[in-house]
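Please look over the model below, in which two chains and their relation to each other are of interest, and then read the report that follows.

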Protein chains: 2
Amino acid sequence: MLHVNKRDYQLPLQPTVVVCVDGCEPDYIAQVVAAGQAPWLKRTLAEGTGLVADCVVPSFTNPNNLSIVTGAPPSVHGICGNYLFDMASGEEVMMNDPKWLRAPSVLAALSEAGRRVAVVTAKDKLRRLLGHGVRGGICFSSEKANQVTQEENGITDVLGLVGRPVPDVYSAELSEFVFAAGVQLMAKHRPDVMYLSTTDYVQHKHAPGTPQANAFYAMMDGYLGQLDAAGCLIALTADHGMNAKVGLDGAPDVIYLQDWFDRELGAGQARVILPITDPYVVHHGALGSFATVYLPEGVAPSQVMPALQRLRGMELVLERAAAAQRFELPADRIGDIVCVSERSTVIGSSASRHDLSGLDAPLRSHGGISEQRVPLILNRKLRGFDSSRRLRNFDAFELALNHAQ
Amino acid sequence: MLHVNKRDYQLPLQPTVVVCVDGCEPDYIAQVVAAGQAPWLKRTLAEGTGLVADCVVPSFTNPNNLSIVTGAPPSVHGICGNYLFDMASGEEVMMNDPKWLRAPSVLAALSEAGRRVAVVTAKDKLRRLLGHGVRGGICFSSEKANQVTQEENGITDVLGLVGRPVPDVYSAELSEFVFAAGVQLMAKHRPDVMYLSTTDYVQHKHAPGTPQANAFYAMMDGYLGQLDAAGCLIALTADHGMNAKVGLDGAPDVIYLQDWFDRELGAGQARVILPITDPYVVHHGALGSFATVYLPEGVAPSQVMPALQRLRGMELVLERAAAAQRFELPADRIGDIVCVSERSTVIGSSASRHDLSGLDAPLRSHGGISEQRVPLILNRKLRGFDSSRRLRNFDAFELALNHAQ
């Protein structure tokens, strides 16, 4: 029995694979199953467990991946965005460094208990956070699969293992590489626990049920079927959902919040932070449905919140303490005000700072409450499970280890 | 100046066409414009007015069509569903008869003011409600276009006018006939005001951006372009949006509410009414996201509401008075309790009473708050318009007549 972040976990009795499908709005699953293109998912939903759970808001990649591997909300693990304003240094920085982590992961605890752990992530930005504290395990990204070393990654020649070249960082193949690597790792290394995390390149471009989306999920279904056939217990969830974020004219429907504050309070007085920001913004232009705002001294949240709440497309505006409580976020890292926009609307900083030239399809994005519902699927029936409780994506390890084996 | 249901309307100075596109979730417009298949919409959104408005909840066809033509919510006009339990007679009946109407329409008032009015609706179920009180005008449905008479419909030989056969009631052509008839009526009869109302056969089957949906909207775009070229002022809105309503396995995600009440209170004690019910249920199986419940004597709403609210997929449960106030509904026609389900969930009565054999695609439906956002598009810029007010689809006539001409 392990004790991690106030939860107990049984040790794995069989190879256990937790999969985080980036941007997996539940309808992606429904549509590919209905189309008859996902036989493993269809069988698993009929014979195993298919639930819908709530992810963490902000519904972004880093906070949710870290919640899944720690089994805890951001108030515990500290990762509340892909990007933050570091009040200590006065700088805006990527939240990719383990120094931001405030809690150990279930993966790390399993490795300390002598279990072999493997982690494969599509983008390298997550690798160090996910692998933090994992002893003697394997941890690499598709993106840098050609740069692995035994010291850093616990493995060599990933390209030889997988039999594929390094995929483009903007491609469906970047995620396929994760699954292909997972299947080969399970065959050749047989880890006790494996965590696979994909990228939402496809989901940012293609709606549920489209041929491109169905092809992606059919691909995934094939690899998961192989892991299932290899005897793995599989728990699949997602970091967040995904919605179209456009106006009637098909252009992004954006509240440019820094521009708004600059008009209201003077240029540069308030600082708007978009925690979706990461090094790979081509497919979403750093536009998501969640923003935090640092106000200048002397301006109280109550002076601007009523007007913010009235902006068309704004769903919710909360002060720091209320946001920290409602969304279980670290209060010291979320600014004075948290803004969440509606299902079809995103929040930008200044119009001039967003390069939307890379958008070759109508914007789809995430970050808000409207992207909170995600699948939670296991290829086992659950035992001893209270089905009336609120389900979270970060229950995945608990369900797999405590209720499915 | 006309005065109808406490609102003032200027008389039309040019042929004015109000279009209700059944089931037009705003993303349908966005995706077809982005795909480059709707040049009229693209130009109109750039040079005219493109807004998103709230429809009436329950987001069903009859209440919203009647709200649009009366400029008022159901609390005023009385039509709160397609279907209701008539407490006076103790029977469940279709709400297609003008006897249920409690308010005059703007169309009727315009006709009484000597303006020529034409109404074309896809399905005949709406014809009598929409045409009620219209003097000397034209009013017919695509569905029964071959059965028109001068006495009943104010026109003969619609098939000859349109040059098309009567379409199947389950087809995209049923709606195309509405537009084709509108263009011919405008050319040959030049009415002062025309109301066109389509059916959501396509939207129930096909998501925004799919080839079938884009083809439908491209078709519509062509006809609207012809009406525009003929000098018409056009206001386009919708009765309700549309969402996928399926579980992870692609099957309808249903709360069978009559079954639930039968278990809780005994068989047949409570009466669950699904106001989406109409004679044409093949494409949605009478499953929508809104239900009303009549409780047996001696059972108070407070005895069942907490458990109802906890059902997975239930968004909101309100007592009669609270529901009547929040959604502006006639309190005497909505039962003791109103239930609204979430974006992906529908409410059924008893599982045994729903024939889902006609569903040949994953269920898409409406009825809830999640389908409340609809487009409101005019091919003119608005003047003297308070853009901060809450917009409703039933503002269409006011915007067209008072702010666009």
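Of the residues of chain B, B:Thr210 comes closest to the rotation axis, with its C-alpha at 3.6 Å. This is a predicted model, in which local features need pLDDT of at least 70 and side-chain atom pairs count only at pLDDT 80 or more, while totals for chains, interfaces and linings use all residues. Residues are numbered from 1 along each chain as its sequence is written, chains are lettered from A and ligands numbered from 1 in the order in which they are written, and side-chain values use heavy atoms, with hydrogens and water left out.

The axis belongs to a superposition by least squares on the C-alpha atoms of residues with pLDDT of at least 70 in both copies. A turn of 180 degrees and a shift of 0.0 Å along the axis lay chain B on chain A with an RMSD of 0.0 Å, which is therefore the relation of a two-fold axis. Both copies use the same surface, since 100% of the contact residues of chain B recur in chain A, where contact means heavy atoms within 4.5 Å.

In that interface, 32 residues of chain B are in contact with 32 residues of chain A. About 2100 Å² is buried between the two chains, with 53% of this area given by carbon and sulfur atoms; buried area is the accessible area (1.4 Å probe) that two parts lose on being put together, summed over both. B:Leu248, B:Arg312 and B:Arg343 supply 34% of the area that chain B buries against chain A, more than any other three residues.

Within chain B, an open sheet of four strands has the order E13-E14-E16-E15, with antiparallel pairing. Strands pair if DSSP finds at least two bridges between them; helices (H or I, at least four residues) and strands (E, at least two) are DSSP runs, numbered from the N terminus. E13(B) and E14(B) pair over three bridges, and B:Val272 has B:Val293 as its bridge partner in E14(B).

Two helices of chain B are set against strands of this sheet, with angles that run from 0 to 180 degrees between N-to-C directions, axes being lines fitted to C-alpha atoms, for helices over the stretch in contact.

| Helix of chain B | Strands of chain B touched or crossed | Angle |
|---|---|---|
| H12 (residues 257-265) | E13, E14, E15 and E16 | about 165 degrees with E13(B) |
| H14 (residues 320-327) | E15 and E16 | about 110 degrees to E15(B) |
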